[in-house]
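Reader: I have a structure to look at and some terms I do not fully trust yet. Please take me through the terms and tell me what each one rests on.

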Amino acid sequence: MEEIALKAVIREEKPKKVRREGFIPGVLNGPGTASTPVQFESTDLNKMIARHGTSTKLWVMLGSEKKFGFMKELQRNPVDGKPLHVSIQMTSENQDIKMQLPIQFHGHGDLEHNLLQLQVYRSEAEVEGKAALIPDEIVVEVSDKKAGEGVTAADFHLPEGVRTIDPEGEVYAVIKAVRAVVADDAEETEAAAEGAANQS
């Protein structure tokens with residue numbers, strides 16, 4: 001697995017001033033209750049997020065120290081979506097952690113060819129395992145699924161030692177015939193129209 005490294009500098013100014021100077025404020029949490037205010041080069045952080053997403057493990061270079069952790073929280077500007085603040089949880093590679101991982105569904109083209117469509121209920125799953133073993137995302141192949149079949153944890157193929165901790169039997173997506181999806185949408189539109197008529 002590719003090693004991701006991000007340089008951090010101890011932050012002494014308020015977040016607003018840090019942003020004006022082209023940096024993104026953040027904090028390194030733990031272990032325990034200890035936390036260290038830091039700042040990151042906005043260009044470096046944005047590149048990392050664009051390439052690896054917001055549920056990634058990384059090495060933080062702080063002075064002469066190199067610390068392992070994972071991105072715990074990313075606050076974005078509600079207007080333009082730019083990062084405002086990032087929290088990184090420091091841990092060890094062998095420590096058991098819990099993470100929300102994004103689910104990438106592959107095989108949409110094959111489904112469409114068979115007049116099928118993927119209806120996603122949840123695009124993330126919570127997993128638990130050794131920090132070093134947890135992947136950055138869960139990849140699920142749906143191209144060979146049939147109408148009515150669902151995507152569950154059995155389709156995840158996680159590394160040994162990593163497991164989902166969502167409720168047993170959780171359905172993350174289901175395969176539907178395109179005509180069934182159109183019919184469902186029509187029923188919802190009709191129900192909405194009836195509701196509006198009753199209110200008038």
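Reader: What makes E10, E7, E9 and E12 an open sheet, and which strands stand at its edges?

Author: The model is a predicted one. In it, 4 strands form an open sheet in the order E10-E7-E9-E12, with mixed pairing. Strand E10 (138-141) and strand E12 (163-164) each have a single partner strand, so one side of each is left without a neighbour in the sheet. Those two are therefore the edges.

Reader: How do you know that E9 and E12 are paired?

Author: Two strands pair if there are at least two bridges between them. Strand E9 (residues 124-130) and E12 are joined by 2 bridges, so they meet that condition. The two strands run antiparallel. Glutamate 128 stands opposite arginine 163 in E12.

Reader: What is the other sheet, and what is its strand order?

Author: The other one is a closed barrel of 6 strands, which runs E1-E3-E2-E6-E5-E4 with mixed pairing. Its neighbouring strands are turned by 45° against each other on average, direction ignored.

Reader: Which strands does E2 pair with, and in which direction do they run, parallel or antiparallel?

Author: On one side, 7 bridges join E2 to E3, and these two run antiparallel. Phenylalanine 23 stands opposite glutamate 41 in E3. On the other side, strand E2 (residues 23-29) is joined to strand E6 (residues 83-90) by 4 bridges, and this pair runs parallel. The bridge partner of leucine 28 in E6 is isoleucine 88, and that of asparagine 29 is glutamine 89. Both counts satisfy the rule of at least two bridges, so both pairs count as paired.

Reader: Why is E2 called largely enclosed?

Author: Buried means under 20% relative accessible area. In E2, 6 of the 7 residues are buried, so the rest of the structure largely encloses the strand. For the protein, 35% of the 200 residues count as buried.

Reader: What lies across the barrel strands?

Author: Helix H2 (residues 42-52) lies across strand E1 (5-10), E2, strand E3 (35-41), strand E4 (57-62), strand E5 (65-76) and E6. Its direction is at about 90° to E3. The buried residues of H2 pack against those strands, E1, E2, E3, E4, E5 and E6.

Reader: How do you know that the buried residues of H2 line one face?

Author: They are Leu45, Met48, Ile49 and His52. Seen down the axis of H2, they fall within an arc of 95°, so they line one face of the helix. The face turned away from that buried side carries Lys47, Ala50 and Arg51, which are exposed. Just after H2, glycine 53 takes a positive phi of about 80°.

Reader: Why is the contact between lysine 57 and aspartate 136 called a salt bridge?

Author: The rule asks for a side-chain nitrogen of Lys or Arg within 4 Å of a carboxyl oxygen of Asp or Glu. Here the closest N and O atoms are 3.9 Å apart, so the pair qualifies. Lysine 57 lies in strand E4 and aspartate 136 in the loop between E9 and E10, so the pair ties together parts that are 79 residues apart in sequence. Lysine 57 has 7% relative accessibility and therefore counts as buried.

Reader: How many salt bridges does the whole structure have, and which residues are linked in a network?

Author: A search of the whole structure finds 7. Arg122, Asp166 and Glu170 are linked in a network of them. Within it, the side chains of arginine 122 and aspartate 166 meet at 3.5 Å, N to O. Arginine 122 lies in the loop between strand E8 (116-120) and E9, and aspartate 166 in the loop between E12 and strand E13 (173-177), so this pair ties together parts that are 44 residues apart in sequence.

Reader: What makes arginine 122 partly exposed and aspartate 166 buried?

Author: The cut-off for buried is under 20%, and partly exposed runs from there up to 50%. Arginine 122 is at 23% relative accessibility, so it counts as partly exposed. Aspartate 166 is at 13%, so it counts as buried.

Key: Residues are numbered from 1 along each chain as its sequence is written. This is a predicted model: local features need pLDDT of at least 70, side-chain atom pairs count only at pLDDT 80 or more; totals for chains, interfaces and linings use all residues. Side-chain values use heavy atoms; hydrogens and water are left out. Axes are lines fitted to C-alpha atoms, for helices over the stretch in contact, and angles run from 0 to 180 degrees between N-to-C directions. Contact means heavy atoms within 4.5 Å. Buried means under 20% relative accessible area, exposed over 50%, partly exposed in between (1.4 Å probe, protein chains only). The arc is that of the directions from the helix axis to the C-beta atoms.
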